Amino acid sequence: MTREKGRRAFARLGIATAVGALAALAVFGGSATSSPGRTHATEVRVVTLPIANGYPLDLGIKKGFFAQQGIEIKKTTLQSGNDVVLALANGNGDIGYLGFVPMYIAVTSGIPLTLASASEVEGTSAADNWQNILAKGSINTAADLRGKTIAVNALKGVGEVMIKAAMDKKGIKPDAFKLTALPFPQMRTALNNGQVDAIWVPEPFLSQGLNLDGDHIVMAPGPVLGRFWPIGGYAARTGWKNDNPALYRKFRIAINKSLNYAQSHPQEIRDMLPPGTQNVRLPIWSPLVDRSKLVKLAGYAKKYGVITKLPDMRKLVPNSIASGLVLQGTATNRRVLLALDAKPVTKLNAGPYTFVVTDTSKTQDFRLKGPGVNKSTPLKGRGRATWTLNLRKGTYRYWSDGRPGAKKRFMVS
């Protein structure tokens with residue numbers, strides 16, 4: 001398929017971004033941004049979305065991470081992943097921030113893209129996820145959605161793919177319910193007026209529905225499919241990447257540093273949000289790619305008719321992109337545990353990993369120690385810590401300093 005045909009095919013789909021784009025310029029406004037003053041910097045045109053998930057780019061610019069790589073960012077904010085892909089296809093951007101489902105649609109429609117970095121993942125349950133299905137009254141479970149209408153921001157997008165896959169996993173076939181497209185800002189009104197039975201919304205609409213409208217969460221599609229389900233990233237025009245390999249590599253270094261910094265300093269992201277939205281649930285940012293989950297997502301997209309063939313993952317996600325898994329650490333009054341997809345970790349391969357540690361105890365912490373690593377959460381504090389670490393071969397141990405005798409270990413080979 002030619003690039004021009006690919007552009008036309010993609011445009012006909014008219015989908016929105018994989019992370020929703022929130023259709024929310026009124027909620028998360030965006031503006032063109034440049035790096036701190038630097039002579040002889042090379043311009044990179046980034047097309048992004050007006051949502052909090054994309055704010056690590058702005059924070060990285062503010063901190064000078066791109067300037068350190070000799071890059072000046074020219075940022076353009078659009079409203080949907082469809083807009084981002086079309087901008088890239090028309091040469092109006094070098095790198096775009098968008099979801100993996102629009103990336104799949106693009107590359108299978110003849111618009112070549114190459115991932116520069118992953119960006120964010122979903123949580124582990126409805127309690128910590130930032131993108132869930134809300135409803136009212138007696139609709140409390142996935143089974144209650146049979147025969148009901150669920151609003152998504154766009155058809156043939158990530159919402160449709162993830163909802164159908166999650167419902168299927170719970171034994172509910174896709175033809176048992178109906179999806180209808182509504183912009184995110186209109187969904188709360190539609191649910192309150194009874195126009196739809198449920199809505200699939202990210203932040204800030206999730207918190208608004210829960211706190212202002214009395215809605216409740218029915219299901220979190222992402223965590224049903226897998227813990228820390230991948231959502232989006234930064235993809236470059238393949239032609240631009242091939243013409244500018246050093247610049248592509250430097251951008252990857254800077255955005256990865258920005259993502260890691262944002263994850264470690266969430267308050268600095270919250271300070272960038274408009275008044276009244278600072279307490280929304282933030283995603284988990286990680287530059288690592290879980291290739292197995294990306295393959296599953298592509299399979300779901302094909303199964304439910306969003307794409308007609310599977311993307312060439314070797315071209316979309318090159319080996320230069322660091323592969324790594326997201327591990328879940330917990331520290332409670334009763335135990336300390338490190339798990340991968342809900343199973344205790346005993347063996348890992350050497351390489352990069354993102355640790356998401358939830359510490360709910362004021363008397364215990366989570367300490368991890370091994371070759372090149374000595375990290376811990378506060379002993380008297382509670383909260384969530386995220387570390388992206390490169391594990392070497394050897395033995396790693398984790399425990400709570402409140403109970404130093406109860407150490408657990410895993411091997412890295």
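**Buried helix, salt bridges and an open sheet**

In helix α4, the buried residues are Phe-100, Val-101, Pro-102, Met-103, Tyr-104, Ile-105, Ala-106 and Thr-108. Here, buried means under 20% relative accessible area, exposed means over 50%, and partly exposed lies in between (1.4 Å probe, protein chains only). Helices (H or I, at least four residues) and strands (E, at least two) are DSSP runs, numbered from the N terminus. The model is predicted: local features need pLDDT of at least 70, side-chain atom pairs count only at pLDDT 80 or more, and totals for chains, interfaces and linings use all residues. Residues are numbered from 1 along each chain as its sequence is written, and side-chain values use heavy atoms, with hydrogens and water left out.

Helix α4 spans residues 100-108. Because 8 of its 9 residues are buried, α4 is largely enclosed by the rest of the structure. Just after α4 comes Gly-110, with a positive phi of about 95 degrees.

Salt bridges were then examined. A salt bridge is a side-chain nitrogen of Lys or Arg within 4 Å of a carboxyl oxygen of Asp or Glu. By this rule the count is 13. One of them joins Asp-94 to Arg-45, with the closest N and O atoms 2.9 Å apart. This pair links distant parts of the chain, 49 residues apart. Asp-94 sits in the loop between α3 (81-89) and β3 (95-99), while Arg-45 belongs to strand β1 (residues 42-48). Arg-45 is partly exposed, at 25% relative accessibility.

Asp-94 also meets Arg-237 in a salt bridge (3.3 Å, N to O). Arg-237 lies in strand β10, and Asp-94 in the loop between α3 and β3, so the pair ties together parts that are 143 residues apart in sequence. Asp-94 counts as buried, at 5% relative accessibility. Arg-237 is buried too, with a relative accessible area of 17%. Arg-45, Asp-94 and Arg-237 are thus linked in a network of salt bridges.

A further salt bridge brings together the side chains of Arg-188 and Asp-213 (2.8 Å, N to O). Arg-188 is in helix α6 (residues 184-192), and Asp-213 is in the loop between α7 and β9 (216-219). These two residues are 25 residues apart, and the pair links distant parts of the chain.

The backbone also has some less common features. Most residues other than glycine have a negative phi, and most peptide bonds are trans. A cis peptide bond, however, joins Glu-203 and Pro-204, with omega about 5 degrees. Pro-204 is found in the loop between β8 (198-202) and α7 (205-212). Lys-156, which is not glycine, has a positive phi near 60 degrees. Its loop runs between β6 (149-152) and α5 (158-169). Lys-156 is partly exposed, with a relative accessible area of 30%. Phe-228 likewise has a positive phi near 60 degrees. Phe-228 lies in the loop between α8 (221-225) and β10 (230-237). At 5% relative accessibility, Phe-228 is buried.

An open sheet of 5 strands follows the order β15-β21-β20-β17-β18, with mixed pairing. Its edge strands, β15 (347-348) and β18 (373-376), each pair on one side only. Two strands pair if DSSP finds at least two bridges between them. Strands of a sheet pair through backbone hydrogen bonds, either parallel or antiparallel. At one edge, β15 and β21 run parallel and are joined by 2 bridges. Lys-347 has Met-411 in β21 as its bridge partner. At the other edge, β17 (residues 367-370) and β18 pair in the antiparallel sense over 4 bridges. Arg-367 stands opposite Ser-376 in β18. The hairpin of β17 and β18 has 2 residues between the strands, and in this hairpin Gly-372 takes a positive phi near 80 degrees.

Strand β21 (residues 403-412) also holds Arg-409. Arg-409 is exposed, at 53% relative accessibility. Together with Lys-369, Arg-397 and Lys-407, Arg-409 forms a positive surface patch. Such patches are made of residues with over 30% relative accessible area and no salt bridge; like charges are joined within 9 Å, and nonpolar side chains (Val, Leu, Ile, Met, Phe, Trp, Tyr) within 5 Å. Lys and Arg count as positive and Asp and Glu as negative, with His and the chain ends not counted.

Terms used. Accessible areas come from the Shrake-Rupley method with a 1.4 Å probe; for residues, only the protein chains shown count as cover. The place of a charge is taken as NZ of Lys, CZ of Arg, CG of Asp or CD of Glu.
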